[in-house]
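Student: Can we go through this one slowly? I keep meeting labels, and I'd like to know what earns each of them.

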Amino acid sequence: MSIATLLSSLAVVPESGRSYTVWIVAGLIVLVGLAVIGLRDVARFSLKRTWAISSVCFAESIRRKVWLIIPLAILGVIIVVQLQKPLDEQDAIRQTTKFCLFATGLVVAMVTIILAATNLPREIENRVIYTVVTKPTTRLEIVLGKVVGFARVSAAILLAMGLFTFGYVQVRAWSMRQYIREVRLKDPAVTASLRPTLQYYAANGLLGANTLEHADSLAAYSRIPTARAADTGARWISGGAEQEVTIPFDVKPEQITTTVGGELMSLPVHMYLSVGYEAHGPITSSESYEEPATEPTTLPTMGPTFVPAATQAMGEATTAPAAGAPAAGAPATTPADAVTPQAMPQVSVSISETRTGRVIASLEQLTGGKPLSLRDSDGSRPVAIELPASVVGQIAADGKFTVLLQGLSANAEYLVPPIPVVMAVGRPDGTMAMIPPILDEKSHRPAGITFRGREGSRGTQLRGGTGGPVPWAVFTFHDSPVSWLENGKVPFEFRVGIERSGADVTLDEDDITRVTVKIRNLRDGTTSAPIELRPDNNRTSYFDVPAELLTGGQFEALVQCNTVGHWLWLNPASLSMVSGREPFAWNLSKSLLILWLMSVLVVIISIFCSTFVSWPIAIVLTLVILMGRWGVQQLGDALQPGIGNTIVTDMRIRDAASGKAVSQSVEALAGFLRNVSALLPDINKFAATDNIEKGIAIPVHRLWDALAVIGAFGLPMVVLAYVFLKYKEVAP
């Protein structure tokens, strides 16, 4: 058996089955270890002896003066805090909290790994274990006693660091709040954009923890869509490559391929784009793509009047025309005396793999880099692209793909119907089959189409401006509970990134960004009066909304930037509704509890490793087990399916046999790493600082997630440590 074959056999476990595999393996280890191998020791188990062993471990740790690391960590935190450069007073408090918790977690992890990994090997080496095992003490009690003992040590360290964190942060927050009230708010030099935020700090304090409800989706349009919650009508997007639309498809290989003489062949596939437009000035067009002469003579059903019955069986032949489209049998090409293509707005199109985002076909591959000119303003005459056979082959292999549509002409808005793109497949019998985008099973309407601005690492961009078509961002909330009120109003938080550009107008660096927010209830269409905000870059702004506008929990927040030359970076978490608040002390307690649960897992892994290797190797192995899954997660797309072909391309391997061997081996290794990492603990479940440093209440499910990791990985490791120690020669 080759290495590639072996790795492939270990890489076939599906993603959905890995968690079940972990729990099944954990259950079998516990069952066999305790009910079969250790039945006698379980019957003799004594909590008193276990606690006595833990007390010895705790006392020994104190004698080794591990507590001296606590004042050293506190001193380090105070020094780092003094060197920080926060954005404002609240950011200073949150950074202080972050530094304190980071130091706490680091100290606890280091101390527990060193103590737990070295304890058992050292006792075996100096023969202290001889005295213990000759007493009526079982190996199970020894293992559990050491786990409990070092867990007590970590709890003591966490308690001391937690008290310091609470006191230090409270004193700093009180001092800064007084400074805001007595100095900052009385300073006439404070900018208009910063003053409302300072007033909020003075009134509500710098601590506390909010429970936030984020938007379920974020979309960017050039015009506000209709207010109906179930509406799936046409949408408008801006040109100038400023906004784009993604349309997901799901095809089966048999829909676009056929077998000829025992060989799989791609069928001719055309992509039809049905997009309208409205011009607001002269249209400048580059050389346009010439539509294929082999375009089918009939058009598929598509556009706003899409008939669900036409898709009774995906891929069935159909010749039903769309509203405004030529009748069956009519030529699909534009008459020679029609509007000159160069005078029409243009669009760009590309195809990517839905799962990984890998580009399958760029505009260069589809049209030679030439944009597509639209035919008419209402989009009733679709534009056709003939897909290359190589692209069809990749689509057949991937199955799920996404079409990205982008308007290029700056002086135009684009009208995107409910079904802007369909695929038409020419069958060997001369008929044509239509493949629409992914449809909702109940409504038979398109599902998953997204409208967004230019995408970047910070989110989606929204251009600012005044007059004319200025784009809007729409944050949609579904079933969001309105449970926290302040004087009959619901608090909201708004945090965005801001970029300034001098391309449109000469700007001053201190130019204020002005943003308008409207809240619209999706049940009755009621819209609030415009709420004016003046946000700063990456600084939270606060505003309130009357509770009656949020009745039913179905509403939209409409956001528009009103400053020319300013761009907002947005994501679904940029605008949040406050649905509850809790004291900082309670939030800190939950954070410390999560850190303690992590320390328990560290103790268990360290003791497990020390039962069969020496203490230096046990420390290294503990770190590998803890960080292994995290390391695989950091590789991200580098381990996703398709990486084999990418490696072959990057290495420029031209020999088919060698390329196939390399591709299969890389794919198998990537799958092997993914599956092995699933058998390692996920330390991301012990994230204790992410929420608290942002002023967000830690949800209870975080505690359950941490307990689940201990149950799935910690408990079986305790049993394995007991089994290994049971059969280990530790005394004559």
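**Labels and the numbers behind them**

Student: Why is Ile78 called partly exposed?

Tutor: Its relative accessible area is 30%. Buried means under 20%, exposed means over 50%, and partly exposed is what lies in between, using a 1.4 Å probe and protein chains only. A value of 30% falls between those cut-offs, so Ile78 is partly exposed. Bear in mind that this is a predicted model, where local features need pLDDT of at least 70 and side-chain atom pairs count only at pLDDT 80 or more, while totals for chains, interfaces and linings use all residues. Residues are numbered from 1 along each chain as its sequence is written, and side-chain values use heavy atoms, with hydrogens and water left out.

Student: Where does Ile78 sit, and what does Ile78 touch?

Tutor: Ile78 is in helix H5; helices here are DSSP runs of H or I with at least four residues, strands are E runs of at least two, and both are numbered from the N terminus. Not counting residues up to four places away in sequence, Ile78 touches Phe164 and Tyr168, where contact means heavy atoms within 4.5 Å. Ile78 and Thr96 are 18 residues apart in sequence, and their C-alpha atoms are 8.7 Å apart in space.

Student: What about Leu34, and how do you know its class?

Tutor: Leu34 has 25% relative accessibility, and therefore counts as partly exposed too. This residue belongs to helix H2 (residues 15-37). Leaving aside neighbours within four places in sequence, Leu34 is in contact with Leu39, Val42, Leu140 and Val719. Take Leu140: it is 106 residues from Leu34 in sequence, yet 9.3 Å away in space, C-alpha to C-alpha.

Student: And what makes Thr197 buried?

Tutor: Thr197 has 3% relative accessibility, so it counts as buried. It lies in helix H9 (residues 195-204) and touches Thr540 and Tyr542, not counting residues up to four places away in sequence. Across the chain, 48% of the 732 residues count as buried.

Student: Which residues touch the most other members of the largest nonpolar core?

Tutor: Ile157 and Phe686, in a core of 85 residues. A nonpolar core is a set of buried Ala, Val, Leu, Ile, Met, Phe, Trp, Tyr and Cys residues joined through side-chain atoms within 4.5 Å. Beyond its neighbours within four places in sequence, Ile157 is in contact with Ile70, Val107, Val108 and Val111. Apart from that core lies another, of 48 residues, including Tyr221 and Ile360.

Student: Now helices. What makes H13 roughly parallel to H17?

Tutor: The axes of H13 (residues 584-610) and H17 (residues 700-726) come within 8 Å and cross at roughly 20°. Axes are lines fitted to C-alpha atoms, for helices over the stretch in contact, and angles run from 0 to 180 degrees between N-to-C directions. Under 35 degrees counts as roughly parallel, over 145 as roughly antiparallel, 65 to 115 as roughly perpendicular, and the rest as oblique. At roughly 20°, H13 is therefore roughly parallel to H17. Among the residues in contact are Leu593 and Leu597 of H13 and Leu703 and Ala706 of H17. The contact residues divide into 18 nonpolar, one polar and two charged; Ala, Val, Leu, Ile, Met, Phe, Trp, Tyr, Cys and Pro count as nonpolar, Asp, Glu, Lys and Arg as charged, and the others, Gly among them, as polar.

Student: Why are H6 and H14 called oblique?

Tutor: H6 (residues 89-125) and H14 (residues 615-635) pack at about 140°, with axes 9 Å apart. That angle is in none of the named ranges, so H6 and H14 are oblique to each other. Ile113, Ala117, Thr118 and Pro121 in H6 meet residues of H14 including Trp615 and Leu626. By class, this contact of H6 with H14 has eight nonpolar, two polar and no charged residues.

Student: And what makes H8 oblique to H9?

Tutor: H8 (residues 139-182) and H9 pack at about 125°, with their axes 9 Å apart. Again no named range holds that angle, so H8 is oblique to H9. Arg177, Ile180 and Arg181 of H8 make the contact with H9 residues, among them Leu198 and Tyr201. The H8 and H9 contact has five nonpolar, one polar and two charged residues.
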